[in-house]
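Subject: Structure for you to look at

Dear colleague,

Please find the structure below. My notes on what was found in it follow, residue by residue and then by helix pair.

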Amino acid sequence: SNTAAPQNLSNTLWALAALGHHPGTATINTLVTAMAERSNTAAPLNLSSTLWALASLGHHPGTATISTLVTAMAERSSTAAPQNLSNTLWALASLGHHPGTATISTLVTAMAERSNTAAPQ
C-alpha cells in the first residue's frame, strides 16, 4: 500500500521535532491531518508522539485536529504507557489547548492508575 500508516506519520513528525526542523505549515498540516484521519487505528504511542512533535515544533494545527488526536488518545488511555500519557498532557499544556475537563480527567486518571509503574524520567 502507498498509504502511510499512523506509525510512519508519527515517526516522521517525531523526527522533524527531534531535528528541530519545521518544514513549513503546509507540510506539517498535511502530515498531521493524515494522522488525524487514521487516529481510530493509531496506537497510544503514535498519538502521543504526534502531539509531542507538534508541541515541540510550536505548531498548533487547529482545534479540530488536536481534538481528534486527543479524543483518540483518551479512548486508548487504559492501554497507554505512563510516558504516552505524560507526553500528551505536556503537549496540550505547551500548545495551550484545553480539550475539556472530561478528557483531562480521563488522561489523569489513567496516569494515576499507573503511578506505581511510572519510571522517573
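Thr50 touches Ser10, Leu13, Val32, Met35 and Leu69, once residues up to four places away in sequence are set aside. The model is a predicted one, and everything here should be read that way. Thr50 has its place in helix H3, which covers residues 44-57. With a relative accessibility of 0%, Thr50 counts as buried, because the cut-off for buried is under 20%. Its side chain also reaches the backbone oxygen of Asn46, at 2.8 Å.

After H3 comes a residue with two side-chain partners. His59 is found in the loop between H3 and H4. Its relative accessibility is 6%, so His59 counts as buried too. One polar contact, of 2.7 Å, joins the side chain of His59 to that of Asn29. Another, of 3.4 Å, joins the side chains of His59 and His22. Both partners appear again in the list of residues that His59 touches, which reads His22, Thr25, Ile28, Asn29, Leu54 and Leu95, not counting residues up to four places away in sequence.

Next, the helix pairs. Helix H4 spans residues 63-75 and helix H5 spans residues 82-95. Their axes come within 11 Å and cross at roughly 155°. That angle is over 145°, so H4 runs roughly antiparallel to H5. The crossing of the two is left-handed. Which residues meet there? On the H4 side they are Ile66, Val70 and Met73, and on the H5 side they are Asn84, Leu85, Thr88, Leu92 and Leu95. By type, the residues of this contact divide into 6 nonpolar and 2 polar, with no charged ones.

H5 also packs against helix H6, which covers residues 101-113. Here the axes are 9 Å apart and the angle is about 145°. H5 passes H6 in a left-handed crossing. From H5, the residues in contact are Pro82, Leu85, Ser86, Thr88, Leu89 and Leu92. From H6, they are Ile104, Leu107, Val108, Ala110 and Met111. The residues of this contact divide into 9 nonpolar, 2 polar and no charged. Leu85, Thr88 and Leu92 of H5 are listed in the contact with H4 and are listed again in the contact with H6.

His97 sits in the loop between H5 and H6. Is His97 buried or exposed? At 9% relative accessibility, His97 counts as buried. Leaving aside neighbours within four places in sequence, His97 is in contact with His60, Thr63, Ile66, Ser67 and Leu92. Of these, Ile66 is one of the H4 residues that meet H5, and Leu92 is one of the H5 residues that meet H4. His97 and Ala110 are 13 residues apart in sequence, and their C-alpha atoms are 19 Å apart in space. Ala110 is one of the H6 residues that meet H5.

Last, a residue at the surface. Ala93 lies in helix H5. Its relative accessibility is 61%, and because the cut-off for exposed is over 50%, Ala93 counts as exposed. From Ala93 to Trp14 the separation is 79 residues in sequence and 18 Å in space, C-alpha to C-alpha.

Regards

Methods:
Residues numbered from 1 in each chain as written. Predicted model: local features only at pLDDT ≥ 70, side-chain atom pairs only at ≥ 80, totals over all residues. Heavy atoms only, no water. Axes fitted to C-alpha atoms, helices over the stretch in contact; angles between N-to-C directions. Helix = DSSP H or I, 4+ residues; strand = E, 2+ residues; numbered from the N terminus. Parallel < 35°, antiparallel > 145°, perpendicular 65-115°, else oblique. Left-handed = near helix turned anticlockwise from the far one by under 90°. Contact = heavy atoms within 4.5 Å. Nonpolar A, V, L, I, M, F, W, Y, C, P; charged D, E, K, R; others polar. Buried < 20%, exposed > 50% of the residue type's maximum accessible area, 1.4 Å probe, protein only. Polar contact = N/O pair within 3.5 Å; in protein donor to acceptor, adjacent residues only side chain to side chain.
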